[in-house]
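Here is a short set of exercises to work through with the model open beside you. Try each task first, then compare your reasoning with the solution.

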Amino acid sequence: MAVIFHKEPQLNKPDLIAAWPGIGNIGVVAVDTIRGQVGAEEFGEIDSWDFFYPKKVTIKGSVLESLDFPGNKFYFKRQGQRDLIFFIGEEQPSDGGRLYAEGRKAYDMANMVLDVAEKYGCQRVFTSGAAVAPIHHADSPRVWAAVSGRKLGEQIGKYPDTVIMGGTAGSGVTGMITGLNGLLLGVAKKRGLESICLMGEIPDYLSGAPFPYPRSSRSVLEVLADMLGIEVDYSLLDNMAVQINSFIGKIYDELPDELRERIEQRKLTARPRGEAITEEDARWIREHIDEFFRKGRADDRPS
Amino acid sequence: MTDRLRFHWQPPLKHSSLVVGWTDDAGKLGGGVVDYLNRKLGGRMFCEIEPVQFFPLGGVTVDDDGVQFPETRFSACSQADLATFKSNPPAAEWTKFASLVVSVAERHCDVRELHTISGMVALSAHTAPRQLVATYNTAEFKAELQAYDLVGNVDYETPPGQRPTLNTVLLWAAKRRNIPGLGLWVPVPFYLAGLDDPLGRKRVVEFYNQRFGLEMDLSDLDEQVKSQFVRLAEARRNSPQIEESISKLESNQSLGEDESLRLINDIESVLKSQPV
């Protein structure tokens with residue numbers, strides 16, 4: 001297991017911002033947007049060989065030209081006072097073929113990412129993902145935050161429409177952050193690094209949908225960009241959101257009346273303070289909505 | 001890494017080559033070639049890969065041949081400076097498994113080249129000549145093997161939704177360690193894919209005879225091919241349906257799904273009644 005460095009940049013107290021694909025790709029879309037806009041430069045990658053199955057081989061004239069694996073790349077951007085390191089993974093490593101990171105490989109990858117961050121003097125780590133919530137897709141998604149300390153909680157609490165998880169500095173909301181977004185937070189804490197996970201809300205009934213949820217990525221990005229002191233152009237994300245919303249609208253219209261009415265009622269009730277979805281809701285999703293997406297929306301996916 | 005390997009003895013191999021064949025291959029090709037090499041060249045098992053992590057170990061399969069357990073055996077044919085590896089394809093952790101195979105090849109066999117064998121299910125008749133379709137892990141190795149009768153003009157990209165084969169991963173693992181690698185793909189008539197293809201096996205073994213200077217007497221393989229051909233010819237004479245289907249394949253016509261399935265079943269019952 002190795003990190004391959006293509007460059008050795010000189011960085012000043014960089015923040016690490018890491019993301020992997022997950023529910024609605026909320027985190028990875030947000031982080032990749034900011035990475036692209038600041039023009040961050042690739043400087044290294046984790047060798048995927050020990051973590052993933054290859055996804056594609058290219059043979060030309062009978063010679064193996066390439067064997068492509070999901071990428072795990074590091075990027076940097078010098079900012080002056082506080083530089084940035086981005087880590088973007090194309091897939092979460094997992095033992096036993098699970099969808100989200102779990103087990104030895106996930107733990108190894110979390111440590112490798114933080115090894116690189118610490119090598120450059122990083123003291124603060126951001127991750128980002130999804131908060132599955134019983135909201136309506138017409139609602140503006142809020143941002144839930146899990147933080148390593150009270151000070152960070154207070155800092156994030158100043159932003160409107162945020163929910164700070166945890167009992168001491170937070171709202172009392174507890175829950176589980178699955179996958180590498182959660183694991184990285186834990187490993188960072190173990191190493192004494194400040195860490196923050198920003199999770200954009202996604203309606204529970206869209207959590208199994210095979211397309212991104214850019215409205216929520218935007219909410220995350222607003223907080224993240226401000227904390228990092230970066231100006232972001234949201235137009236691309238907003239355009240994407242318009243397309244996806246129109247697609248969601250079409251799906252929504254096709255839902256059975258009973259289901260749609262039940263979801264519509266959410267518009268009439270006060271938004272919950274951030275409780276995790278109930279077991280009853282989870283069962284409801286399994287029984288109705290996931291089945292709906294599995295049945296045949298694939299041909300209709302937005303490009 | 002060593003706890004994943006179980007060594008029985010250290011083979012005295014120098015500048016050897018490693019030939020890899022998988023069980024469950026179409027026409028029993030890869031595993032069959034490795035068995036043949038071991039039998040003819042006095043191969044002795046020297047190492048096994050421990051199955052934990054690579055195979056589901058929740059129980060064992062019992063089939064016509066009795067209790068089955070994952071096989072992961074390296075053998076040494078010391079006189080010929082040839083090593084073989086016959087294994088069930090791992091169910092998980094392909095890259096790790098491939099790295100282990102290449103490690104044994106490099107550290108314990110001093111290999112100069114690595115070869116993989118795959119049967120490739122083909123819509124062809126058993127009477128069609130067997131080509132050896134090659135993939136190389138370096139252009140230099142391709143150039144080195146130019147004199148051999150190998151088909152070497154393959155262009156391919158993994159189609160969406162599929163993934164590269166285990167042999168591709170193994171050839172790439174060898175490339176990562178600068179070990180030249182050759183993958184041989186042999187078309188196996190689809191109605192022999194679940195049975196045995198001695199003609200395909202012979203074609204591969206002939207290549208190894210040439211490449212490694214093995215001078216093996218292949219008359220026993222000739223006998224197996226002849227015996228299978230005689231029985232298939234008899235089946236054609238006795239069954240107009242079999243004759244019609246195979247004749248179509250011989251004249252490059254395709255078969256419908258039902259006809260293909262019927263041919264597979266008919267040939268299976270003919271050849272399984274008295275194994276070659």
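The exercises below deal with a predicted model, and each one is followed by its solution.

**Exercise 1. The sheet of chain A**

Work out in which order the strands of the open sheet of chain A are arranged, and which strands stand at the edges.

Solution. Start by following the sheet from one side to the other: its 9 strands come in the order β1-β3-β6-β7-β2-β8-β11-β9-β10, with mixed pairing. Next, look at the two ends. β1 (3-5) and β10 (162-164) of chain A each have a single partner strand, so one side of each is left without a neighbour in the sheet. Then consider the twist: on average, and ignoring direction, neighbouring strands of this sheet are turned by 25° against each other. Finally, pick out one pair of strands. β8 (residues 124-133) and β11 (residues 194-203) of chain A are joined in the parallel sense by 10 bridges, and A133(A) stands opposite P203(A) in β11(A).

**Exercise 2. Helices on that sheet**

Find which strands of chain A are touched by helix α2 (residues 104-119) of chain A, and which ones helix α5 (residues 214-228) of chain A lies across.

Solution. Take α2(A) to begin with. This helix packs on the sheet and touches β1, β2 (15-19), β3 (41-46), β6 (72-77), β7 (84-89) and β8 of chain A. The direction of α2(A) makes about 140° with that of β3(A). Now turn to α5(A), which lies across β2, β7, β8, β9 (143-147), β10 and β11 of chain A. Relative to β11(A), helix α5(A) runs at about 155°.

**Exercise 3. Two helix pairs in chain B**

Decide whether α5(B) is roughly antiparallel or oblique to α6(B), then do the same for α7(B) and α8(B).

Solution. For the pair α5 (residues 198-212) and α6 (residues 219-238) of chain B, the packing angle is about 155° and the axes are 9 Å apart. Angles over 145 degrees count as roughly antiparallel, which means α5(B) is roughly antiparallel to α6(B). The contact is made by P198(B), L199(B), R201(B), K202(B) and V205(B) on the α5(B) side and by L221(B), Q224(B), V225(B) and Q228(B) on the α6(B) side. By class, this contact has 5 nonpolar, 2 polar and 2 charged residues.

For α7 (residues 240-250) and α8 (residues 257-273) of chain B, the axes come within 10 Å and cross at roughly 120°. That angle makes α7(B) oblique to α8(B). Here Q241(B), I242(B) and S245(B) of α7(B) meet E259(B), R262(B), L263(B) and D266(B) of α8(B). These residues divide into 2 nonpolar, 2 polar and 3 charged. As for handedness, α5(B) passes α6(B) in a left-handed crossing, and α7(B) passes α8(B) in a left-handed crossing.

**Exercise 4. Where the chains meet**

Establish which element gives the largest share of the side of chain A that touches chain B.

Solution. Begin with the totals: 15 residues of chain A are in contact with 24 residues of chain B. On the chain A side, β4 (56-60) and β5 (63-68) are the elements that give two or more residues. The largest share, 5 residues, comes from β4(A). By class, this side of chain A has 8 nonpolar, 3 polar and 4 charged residues. To finish, check the strand pairing across the chains: β4(A) and β10 (residues 156-157) of chain B run antiparallel and are joined by 2 bridges. I59(A) stands opposite Y156(B) in β10(B).

Conventions. Residues numbered from 1 in each chain as written. Chains lettered and ligands numbered in written order. Predicted model: local features only at pLDDT ≥ 70, side-chain atom pairs only at ≥ 80, totals over all residues. Axes fitted to C-alpha atoms, helices over the stretch in contact; angles between N-to-C directions. Helix = DSSP H or I, 4+ residues; strand = E, 2+ residues; numbered from the N terminus. Parallel < 35°, antiparallel > 145°, perpendicular 65-115°, else oblique. Left-handed = near helix turned anticlockwise from the far one by under 90°. Contact = placed C-beta atoms within 7 Å. Nonpolar A, V, L, I, M, F, W, Y, C, P; charged D, E, K, R; others polar. Pairing = 2+ DSSP bridges.
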